[in-house]
Amino acid sequence: MTDSNSNRRPTPRNQFSFSRVKTLDQCPYRYRLRYLKGLKEAFRSIETFLGNSVHDTLEWLYSQRTQGTDPTSDAMLEWYSAHWATGWSEEIVVIRLADDPEHYHLMGREMLTRFHREVFSKDRSETVALEQRLSQRLSSEIVFTGFADRIGRTEKGTLFVIDYKTSKSLGNPSDFSEGLQAPLYAACALENHQENEALAGYHYVRFAETRWQKVTRDHGQELLKKFRNLAEQALTATDFPTRPSTLCAWCGFNAICEDARVPDALSGGRRYAIENKPATLFDGSQGSGR
């Protein structure tokens, strides 16, 4: 089968997204293969595909509203299902062997139906931008970059940035992701719109619940400085060890990592990789990541 690894390139050395820094924190070895060597992972998890499909549908919903129409729940679900079918490919893998793709498809329909009923139909905020690329130079060597799901203004005119989450649990603002990602986007939005205060929010689609954090100019600068420090550590890193965890089952390099921990019940991705992606495509890089 044809593989696109030869067409990929390492991520530009100076461009750092939140996902890039988070990957280094979770597993330096995966970071090295994905961002420094530019290798393509052997599969995409069904959870990632579900999240992307839900995000795309929410973007479509609000884009329709900006064009003067408010789609019904049925119209939204029709668009979602068509988008799901169009985007499906053989590289999308169900990690949990006990599950099947239709289970996730229906899960997405349930989340979106609840969102439309409890959030979208009542939302009177203004949309400023959807899936907007944000970029901020933090030093001569580091540029922060990312995409904000939705930027808008409340009915009272307050600027906000919202990030949609399809995770199975509510996040904690004190952990690595929730404490940094959306607030970083808000810090960039403040600079772009020349304002002094904004709201950074996470909307947990499964629960129809939004949690907000206030970001001032000063706080935003502190967050950008924190991110710059993390990126600088990544720039100077020379050792990229494996960091085995339950996340190994969802890593597209688990078939070539001798330290990967993949229980049989979560081996859908690993089995697919072994059957369809010869290890030679990954140039034999294994083990400690050095």
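This section describes the overall make-up of a predicted model, then a helix pair, an enclosed helix and three individual residues.

The secondary structure of the chain consists of eight helices and eight strands. The chain has 290 residues, of which 48% count as buried. Among contacts with a separation of 6 or more, 70% are accounted for by residues 24 or more positions apart. The surface exposed by the chain is about 14200 Å², and 47% of that area is supplied by carbon and sulfur atoms.

Helix α3, residues 46–66, packs with helix α4, residues 73–87. The angle of packing is about 135° and the axes lie 10 Å apart. The two helices are therefore oblique to each other, since the angle is neither over 145 degrees, as for a roughly antiparallel pair, nor within the 65 to 115 degrees of a roughly perpendicular one. The crossing of α3 with α4 is right-handed. On the α3 side, the contact is made by Ile46, Phe49, Leu50, Ser53, Asp56, Thr57, Trp60 and Leu61. On the α4 side, Ala75, Met76, Trp79, Tyr80, His83, Trp84 and Gly87 take part. Sorted by class, the residues of this contact comprise 10 nonpolar, four polar and one charged.

Helix α3 also holds Gln64. At a relative accessibility of 18%, Gln64 counts as buried, because the cut-off for that class is under 20%. When neighbours within four places in sequence are left aside, the contacts of Gln64 are with Thr69 and Pro71.

Helix α2 spans residues 28–36, and seven of its nine residues are buried, so this helix is largely enclosed by the rest of the structure. The buried residues of α2 are Pro28, Tyr29, Arg30, Tyr31, Arg32, Leu33 and Tyr35. These residues pack against three elements, namely β1 (15–16), α1 (18–26) and α7 (217–236). Just after α2, the backbone at Gly38 adopts a positive phi of about 70°.

Ser135 is found in strand β4, which covers residues 126–137. With a relative accessible area of 43%, Ser135 is classed as partly exposed, because this value lies between the limits of 20% for buried and 50% for exposed. Beyond its neighbours within four places in sequence, Ser135 is in contact with Val143, Phe144 and Thr145. The C-alpha atom of Ser135 is separated by 9.2 Å from that of Gln15, a residue 120 positions away along the chain. Gln15 falls within β1 (15–16), one of the elements against which the buried residues of α2 pack.

Asn196 lies in the loop that runs between α6 (181–193) and β7 (197–204). Its relative accessibility of 61% is over the limit of 50%, so Asn196 counts as exposed. Apart from neighbours within four places in sequence, Asn196 is in contact with Leu190, Val215, Thr216 and Arg217. Of these contact partners, Leu190 falls within the residue range of α6, while Arg217 falls within that of α7 (217–236). Between the C-alpha atoms of Asn196 and Leu159, which are 37 residues apart along the chain, the separation is 9.6 Å.

Terms used
Residues are numbered from 1 along each chain as its sequence is written. This is a predicted model: local features need pLDDT of at least 70, side-chain atom pairs count only at pLDDT 80 or more; totals for chains, interfaces and linings use all residues. Side-chain values use heavy atoms; hydrogens and water are left out. Helices (H or I, at least four residues) and strands (E, at least two) are DSSP runs, numbered from the N terminus. Buried means under 20% relative accessible area, exposed over 50%, partly exposed in between (1.4 Å probe, protein chains only). Contact means heavy atoms within 4.5 Å. Accessible areas come from the Shrake-Rupley method with a 1.4 Å probe; for residues, only the protein chains shown count as cover. Axes are lines fitted to C-alpha atoms, for helices over the stretch in contact, and angles run from 0 to 180 degrees between N-to-C directions. Angles under 35 degrees count as roughly parallel, over 145 as roughly antiparallel, 65 to 115 as roughly perpendicular and the rest as oblique. A crossing is left-handed if the near helix is turned anticlockwise from the far one by less than a right angle, and right-handed if clockwise. Ala, Val, Leu, Ile, Met, Phe, Trp, Tyr, Cys and Pro count as nonpolar, Asp, Glu, Lys and Arg as charged, and the others, Gly among them, as polar.
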